[in-house]
Amino acid sequence: MATVEGGSGAARIEPSADVDERAAIGAGTTVWHLAQVREDAVVGADCVIGRGAYVGPGVRIGDRVKVQNHALVYEPAVVEDGVFIGPAAVLTNDRYPRAVTPDGLPKGQLDWRAEGVTLRHGCSIGGRAVLVAGVTVGRWALVAAGAVVHRDVPDFALVAGVPARRIGWVGRAGEPLRPAGDGGWQCPRTAERYREQGGTLVPL
C-alpha cells in the first residue's frame, strides 16, 4: 500500500491499480482501476488518477490535479496544483527517441537523459494532446485537444494545432477572453480583466 499523507480524508486506491509501495499518495486522492503509479512518484492531496493512467518514477504531482483516463505522465515531469490532464494525453520525456544505440544495441538507462514536461498552476491539457519533452505550459494556459506542443506555452495562452500555436487567450475560468475597450481582455464568465505584457497575459 502506498503512503497516505496530508489532505482531507483517506486516499482511495482501487484494488486493480498498481501503486508502488515507494510512491506517496496524498489524502483525499483517488487512484482508479488499472492506473499505475511508479516508485518514488509523489501525488498530492485531493487528486484523481483516472482509469489506465500512468505516472512515472519520481514524477511530482501537486494538489487537486486531475489525470484523466489513459493519460501518460512520464518522468521526470512536474505537475503543479490545480492542473487538468485530459484523457490519453501524453507528457513525453525523450526528444530524440531510439530503441537502440548507433551500434544496434538495446538502449539502457545510461544511454539517454530523460527530460520532463512542466505544467504550471491551473493549466489544462486537452485529450490526446502530446507535449514534447522539456516544454513548460504556463499558469492557467489551455492546450487544445489533439495539439502537439513543441515549445513553451505562455501563461493564459490558448494553443491548438500541429504544431501548437497560440490562437487566443483564456482566463482562470478556462473560457476564451474577449477584447476589452481599453485594449485589454476580459473573461465573459467572471468579468476578470487582463492585459498583455511581454508576450504573456497579466491579471489586473
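This passage describes the nonpolar core, the aromatic pairs and one open sheet of a predicted model.

In the predicted structure, the largest nonpolar core comprises 50 residues, and those with the most contacts inside this core are Ile 61, Ile 85 and Leu 119. When neighbours within four places in sequence are left aside, Ile 61 is found in contact with Val 42, Val 43, Gly 44, Cys 47, Ile 49, Val 55, Val 67 and Val 79.

A search of the whole structure yields two aromatic pairs. One of them is formed by Tyr 54 and Tyr 74, whose rings lie 5.3 Å apart from centre to centre, with an angle of 45° between the planes, and this pair is classed as tilted. Because Tyr 54 belongs to strand β9 (residues 54-55), whereas Tyr 74 is placed in the loop between β12 (72-73) and β13 (78-79), the pair ties together parts that are 20 residues apart in sequence. With a relative accessibility of 12%, Tyr 54 counts as buried, while Tyr 74, at 28%, counts as partly exposed.

The model also contains an open sheet of nine strands, which follow the order β2-β5-β8-β11-β14-β17-β20-β22-β23 and show mixed pairing. The edges are occupied by β2 (12-13) and β23 (165-169), each of which has a single partner strand, so that one side of each is left without a neighbour in the sheet. Strand β23 is paired with β22 (residues 157-160) in the antiparallel sense, over four bridges, and Ala 160 stands opposite Arg 165 in β23.

Key: Residues numbered from 1 in each chain as written. Predicted model: local features only at pLDDT ≥ 70, side-chain atom pairs only at ≥ 80, totals over all residues. Heavy atoms only, no water. Core = buried A, V, L, I, M, F, W, Y, C linked by side-chain atoms within 4.5 Å. Buried < 20%, exposed > 50% of the residue type's maximum accessible area, 1.4 Å probe, protein only. Contact = heavy atoms within 4.5 Å. Phe/Tyr/Trp six-rings, centres within 6.5 Å; stacked < 30°, edge-to-face > 60°. Helix = DSSP H or I, 4+ residues; strand = E, 2+ residues; numbered from the N terminus. Pairing = 2+ DSSP bridges.
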